[in-house]
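Hi,

Here is the structure I promised to send over. Have a look at it first, and then read on for my notes.

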Amino acid sequence: MRQWQWWLSTTIPSLIKPSLAYQQLSRNFWDAINYEWPQCHCQFTCIFILLLLSFVSGSKNVDLMMGFFPCVPWGLTLAISLSVLSLVRQLFMHTPPNISVWSESLEAYLGGMGYEVDTKVLYVTCIQWRFSNAYHWFCILEISLEEYIQQYLQSSAVSPSGLCPPTSSLQDPTHCPLSFGGHNWQSNKSSDIDEIVCMDACFTQKQRSGLQDDPVNPTATVFLSQEEVDSMACEVDSLRKKKPSMQRRSGYGSKKNHRDKEDEYEQGMRIPASVLKSCNESFTAADEKHQKASTQFFSDTGVMALLCHHDCVTHLANMTSAGEQQHYALSLITALFSHLLDDFHIGLLYDIGCQLEQSCREWGFLEPFLPQISFDISGCEFWSSIKALIPSLCVSGFHQCLFVIDFQVHHLNEKSLTGLGHWLLQQWNHCQAKKASASEGLRKCGVDTMTLQAEWVAQVAVWTKAIPHKLITGHATKTTENIILQIMATQKSLGNYETRLGGWERDLLHGASDMTSLNIQLAECHQKVRCFKQALQKQKAALGVHGLVDLATLQINSYLQNHMETSVKQCEPGIVKLSTNYNNMCLQMAALIHKGKASQGSIAPVLIPRDALFKLDVDDDIWQDV
């Protein structure tokens, strides 16, 4: 029998009750349990508090009751203090887990006290290997203790009479009680949604290919099995093959039949087909064929998570494809509904929720659960909490990688559980403040609630109205669109030169110190204005009637102009800072040239005037190659 099999079948089960007894007697490692220790006559301070070296006992229970955990199930060569292992566990929950660094630090500490440390074997020290093994099985023992306690409590609990059945079977310490742990959850049906969940994928949690396979861990996991994911992938492929090829994801059918019709809503969708198409073309995650990770170098390319809106993990799916394929999301949703009651409704937040909903309605995915799901667009912030695991898990074994993520998720869920009361109070106070502010606004506006609700419905109807098909396709071809863009750029440059020309003419009227240079600049500016006007005439002549109509529509579109100005203002601070740094470097270079510390013939670049920074033209000094 292999060592890991002995741990699973014999050692861990036999240590559960002794471990509970030790925690009770020591008050969770607070008090030391007195035993008759062997006499130590060494000249150094005895370090039995930390670990026990070269101590062989006949029973592992005796080791545990002494406060130590063995590194192997038989032939003990190293026993480590339970307090030290508990400390390391907490440390690795808050910092990147690194057994090698911890072991090297321990070796240096023991070496400084005069203890001889074993040498390295195959680039791994004996203490590192033994400590790593002891820590891993200590973590499994801790999880087994919690599972044992939960099973005992559930078997001993008596359900109160008169209560409705629980919301779901997701009622253990690893799941959020605010989301799935209540009774009488149908008593308040003010909303059609009973719970909100969110879903997202991360392609930084990878695992290199070619690593040696490691044993399976016996603990419970939030990861879906590979069989569940593969089964959903096969179901997706079979459903897509049954549909006719003409009903692909475009949502338009035949272009000939829809050329003169208005944009349409697909059955069950709340947004027009044109919006879905543009989203599918622009959003990278919506493209299943887009490669986000290399399957040549990584056997596992990422992880997809399903969480409640309190950021407690419900399920995870290990991804092995290069892109964010839909069967991972579908398998997570199916696994969630396997724990829920038949009439339970969820709101699903996903960054491409509209595309997932369209696929479900078009191909028949999630057909039994689709009426119970309301799709929307959002993401989750779970990945930042496990980003510290990326370096170590990249080179870990497959099952070890899943175990470490499971262990971290278990820690995060417990941490979230302890703060749910504070979170609930904070959200309640925030809700009451918003309610008071809204009530005050309603009172001041003097309009009754029914009128405001009617106006809101009218606004929603206007802004979500289907667009005429001719505005989607447009009269202009791709060439015409490029000409329109050129015209807009030419008009912008022409306006800048005309503004500059007006300023110089005012300087000429009021008198200038250098009239010769001013006249030269005026002549050049007049020449550029004439050139831009001629170019503008040629570009408009090439547009045609429909192109001129589209150009006029864009020019009077105040929303588009405001959007462009807002975008420029958002980028302005960064651009101004960059130009300031550039000007400072130019001044430093000029100072070095003046002091004779630069190469002979060096020329300092021209400064960028801040006032003209957003009025640049193609032949301004900033583009000169010096």
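Below is what turned up, going from the cores to the hairpin, then the odd backbone angles and the cysteines.

Bear in mind that this is a predicted model.

Cores first. The largest nonpolar core has 50 residues, and the members that touch the most others are Phe 69, Tyr 135, Leu 316, Phe 382, Trp 383 and Ile 405. Quite a few elements put in at least two residues each: helices H1 (3–25), H3 (82–94), H5 (126–156) and H12 (398–418), plus strands S3 (78–81), S6 (195–202), S9 (302–308) and S10 (313–319). Which of them gives the largest share? That would be H5, with 10 residues. There is also another core apart from this one, with 40 residues, including Val 236, Trp 363, Phe 365 and Ile 373.

Now for S9 and S10, which both feed the largest core. The two strands run antiparallel and pair over six bridges. One of the pairings joins Ala 305 to Leu 316 in S10, and Leu 316 is also among the core residues that touch the most other members. As for S10 itself, seven of its seven residues are buried. Together S9 and S10 make a hairpin with four residues between them.

That turn holds a backbone angle you may want to look at. Asp 311, in the loop between S9 and S10, has a positive phi of about 65 degrees, though it is not a glycine. Most residues other than glycine have a negative phi. Is Asp 311 buried or exposed? Somewhere in between: its relative accessibility is 42%, so Asp 311 counts as partly exposed.

Leu 366 is another non-glycine residue with a positive phi, in this case near 50 degrees. You'll find Leu 366 in the loop between helix H10 (353–363) and strand S12 (373–376). Its relative accessible area is 7%, which means that Leu 366 is buried, the cut-off being under 20%.

Last, the cysteines. How many disulfides are there? The count comes to zero, going by pairs of cysteine sulfur atoms within 2.5 Å. Two cysteines to look up while you're there: Cys 525 is buried, at 2% relative accessible area, while Cys 531 counts as partly exposed, at 40% relative accessibility.

That's everything from my side. Shout if anything is unclear.

Cheers

Conventions:
Residues are numbered from 1 along each chain as its sequence is written. This is a predicted model: local features need pLDDT of at least 70, side-chain atom pairs count only at pLDDT 80 or more; totals for chains, interfaces and linings use all residues. Side-chain values use heavy atoms; hydrogens and water are left out. Buried means under 20% relative accessible area, exposed over 50%, partly exposed in between (1.4 Å probe, protein chains only). A nonpolar core is a set of buried Ala, Val, Leu, Ile, Met, Phe, Trp, Tyr and Cys residues joined through side-chain atoms within 4.5 Å. Two strands pair if DSSP finds at least two bridges between them.
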